[in-house]
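Trainee: Could you walk me through this one? I would like the overall fold and the sheet.

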Amino acid sequence: MITIWGVCRSRATRNIWALEELGLPWRLRPVIQANRLLAKGIDPAAPDAPFNTRSREFLRLSPAGAVPVLEEDGFVLSESLAINLYLAGKTDGPLGPATPREEAQMLQWTLFGATSVESPALAIQTLFGAGRSADDPEVKAAEDSLLRPLAVLEAHLTTHSHIVGGRFTIADINMAEILRYAQPDAALMGRFPRVKGWLELCQSRPAFKRMWQAREAEPA
Ligand SMILES: N[C@@H](CCC(=O)N[C@@H](CS)C(=O)NCC(=O)O)C(=O)O
């Protein structure tokens, strides 16, 4: 049985979506982010604090103190995107690579998302969440950083229905979950109609909706 250590309001969404697509049995072991506790004025080290990313038992699994972590029969893996590549690869189905070249392409696009998209996209989510508007200089800087990578993605999706292999794969989940952070920026997304349409199509999948429902059910 696969255990995902984390909470639905974290990057564990990536793995939950993938697990739901794959139909694999899994369970969630709740671990809240220590930073979220601190933001609420709760000391993560307090004896009555909820189990969190600074709890000793969790740090044994994840020395980096970050969720999600996958555990399966003693095998422990961190990094949400690596977890997804593992899940898709170990299951002989359409979500994973059919050839070594597809495997390399899935890794290529996942790394592109992680290195060129995630950081500015996350900045947009954080800034919008803090009530900053589209004309805020920090929002503009994050948007500027995304223009080139989103243009690359737009061009790719103009000639391809999906990220890799002409079908929905783990590469779509990884990129869609990274890009979701920038989705509240309607003006930015409006400049990349193919990316916007592809993202909405990915999110219309029943497995995404089940994941999202679980996330929404969790206290903020
Ligand atoms: N690159 C890592 C990032 C993991 C990460 O930063 N996770 C956040 C939650 S989404 C976390 O656990 N933060 C610890 C904290 O806030 O205390 C991944 O994709 O898994």
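Mentor: We can take the chain as a whole, then the sheet. The model is predicted, so local features need pLDDT of at least 70 and side-chain atom pairs count only at pLDDT 80 or more, while totals for chains, interfaces and linings use all residues. Residues are numbered from 1 along each chain as its sequence is written, and side-chain values use heavy atoms, with hydrogens and water left out.

Trainee: How many helices and strands are there in the protein chain?

Mentor: The protein chain has 10 helices and 4 strands. Helices (H or I, at least four residues) and strands (E, at least two) are DSSP runs, numbered from the N terminus.

Trainee: What is the order of the strands in the sheet?

Mentor: The order is 2-1-3-4 in an open sheet of 4 strands, and the pairing is mixed. Two strands pair if DSSP finds at least two bridges between them.

Trainee: Which strands stand at the edges?

Mentor: Strand 2 (26–30) and strand 4 (75–78) each have a single partner strand, so one side of each is left without a neighbour in the sheet.

Trainee: In which sense do strand 1 and strand 2 pair?

Mentor: Strand 1 (residues 2–6) pairs with strand 2 in the parallel sense, over 5 bridges. Ile4 has Leu28 of strand 2 as its bridge partner.

Trainee: What does helix 4 touch?

Mentor: Helix 4 (residues 80–90) packs on the sheet and touches strand 1, strand 3 (69–72) and strand 4. Contact means heavy atoms within 4.5 Å.

Trainee: Other topic: what share of the residues is buried?

Mentor: Buried residues (under 20% relative accessible area, 1.4 Å probe, protein chains only) make up 46% of the 220 residues.

Notes
Axes fitted to C-alpha atoms, helices over the stretch in contact; angles between N-to-C directions. Buried < 20%, exposed > 50% of the residue type's maximum accessible area, 1.4 Å probe, protein only.
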